[in-house]
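Biologist: Could you walk me through how to read a structure, one feature at a time? I'm happy with the chemistry, so just give me the idea and then the case.

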Amino acid sequence: MTYKIDIQHLLPINFTGSENNALSFVICNSETEALKKFQLLSRKLLEVNNWKTNAGRNPTQFYLFNRENDKSAVAQLNDLIKIKMPAPKNNIGNGFDWVAVSKIQTIDQTQMIVFLLEMKPHSCAESAKGTIAHFYTEKASNTFILAKKDNTIQFSIHGRNEKPNVNKTEVISSVRNLFVASGGIFGGSKIQWEDFTKEFIKSTS
């Protein structure tokens with residue numbers, strides 16, 4: 001993968017399982033324009049309930065738990081997110097796969113500004129089972145990185161330590177998780193995540 005802005009030092013290490021990367025960038029007319037776009041997209045990245053409208057051909061839908069119908073809701077650290085995919089439903093998650101917001105960080109480095117959002121698999125808040133309700137194990141992560149350098153904006157998504165969640169679930173759920181995980185991060189292929197980055201970075205409002 002060729003980075004317009006090198007953010008590789010910010011990525012989690014892949015210790016086990018597979019990894020995935022998707023990236024898009026745009027070159028603005030000026031650094032001032034780039035800064036305004038960076039600020040706009042930083043806000044939009046936290047508006048998880050609107051992600052489905054930016055997902056191109058990817059029909060996956062995302063909902064902030066307990067704020068599913070609030071289009072202006074902004075994700076915060078430790079918030080839970082429900083993911084509805086065009087795949088066999090997740091019985092453990094009441095029909096959804098669940099993740100938690102594990103990191104929200106703004107990094108201001110020399111000549112570069114970064115906004116980082118990280119999510120990890122979590123249990124279902126609507127169930128008392130406490131079992132990870134996701135097709136990947138709890139060691140997996142997805143890191144969304146928005147970066148600005150000079151007049152360039154780059155948006156990338158990085159899946160790390162992706163192993164199907166098959167050891168601590170019932171047989172039906174294990175088969176389902178293996179099936180969904182084979183499609184790539186969050187049930188979408190790399191091509192679908194690339195569509196997401198392309199559509200997201202085009203946002204103007």
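Biologist: Let's begin with R67. What relative accessibility does R67 have?

Modeller: The scale first: buried means under 20% relative accessible area, exposed over 50%, and partly exposed in between, with a 1.4 Å probe and protein chains only. On that scale R67 comes out partly exposed, at 24%. Bear in mind that this is a predicted model: local features need pLDDT of at least 70 and side-chain atom pairs count only at pLDDT 80 or more, while totals for chains, interfaces and linings use all residues. Residues are numbered from 1 along each chain as its sequence is written, and side-chain values use heavy atoms, with hydrogens and water left out.

Biologist: Which residue does R67 meet in a salt bridge?

Modeller: Side chains of opposite charge can pair when their charged atoms come close. The cut-off is a side-chain nitrogen of Lys or Arg within 4 Å of a carboxyl oxygen of Asp or Glu. R67 pairs with D79, and their closest N and O atoms are 2.4 Å apart. Both sit in the loop between β2 (61-64) and β3 (80-84), so the pair ties together parts that are 12 residues apart in sequence. Unlike partly exposed R67, D79 is buried, at 16%.

Biologist: How many salt bridges are there in the structure?

Modeller: Seven. One of them links R43 to E47, at 3.3 Å between the closest N and O atoms; R43 is partly exposed at 45%, whereas E47 is buried at 14%. Another joins K202 and E199, 3.7 Å from N to O. There, K202 is exposed at 55% and E199 is partly exposed at 35%. Then there's a network: E68, K82 and E126 are joined by salt bridges that share partners.

Biologist: On to secondary structure. How many helices and strands are in the protein?

Modeller: Helices (H or I, at least four residues) and strands (E, at least two) are DSSP runs, numbered from the N terminus. The protein has three helices and seven strands, and along the sequence the pattern reads β-α-β-β-β-β-β-β-α-α.

Biologist: What span does helix α1 reach from its first C-alpha to its last?

Modeller: The expected span is 1.5 Å times one less than the number of residues. Helix α1 has 16 residues, 31-46, and reaches 23 Å, close to the 22 Å expected. For reading faces, an α-helix has 3.6 residues a turn, so residues three or four places apart point the same way. The buried residues in α1 include A34, K37, F38, L41 and L45.

Biologist: Why is strand β6 largely enclosed by the rest of the structure?

Modeller: Eight of the nine residues of β6 (141-149) are buried, so the rest of the structure largely encloses this strand. As for its neighbours, two strands pair if DSSP finds at least two bridges between them. β5 (112-121) and β6 run antiparallel with seven bridges, one example being I113 with K148. β6 and β7 (152-162) are antiparallel too, with nine bridges, and F144 has I157 as its bridge partner in β7.

Biologist: Which residue takes a positive phi in the hairpin of β6 and β7?

Modeller: D150, with phi near 55°; this hairpin has two residues between the strands. N161 also has a positive phi near 55° without being a glycine. N161 is in strand β7 and buried at 7%. N66, with a positive phi of about 75°, sits in the loop between β2 and β3 and is exposed at 60%.

Biologist: Last one: how many cavities of 30 Å³ or more does the structure hold?

Modeller: Rolling a probe the size of a water molecule over the atoms shows where empty space is left. On a 1 Å grid over the protein atoms alone, a cavity is a set of points where a 1.4 Å probe fits but cannot get out, and lining residues have an atom within 4 Å of a point. Points join across faces, edges and corners, and volume is the space filled by probe spheres set on them. The structure holds two such cavities, and the second largest has about 30 Å³ of space. Of its 10 lining residues, M85, P88, G95, D97 and R176 are the closest to its centre.

Technical notes. 1 Å grid on protein atoms, 1.4 Å probe; cavity = no way out; pocket = protein on both sides within 12 Å on 5 of 7 lines; lining within 4 Å.
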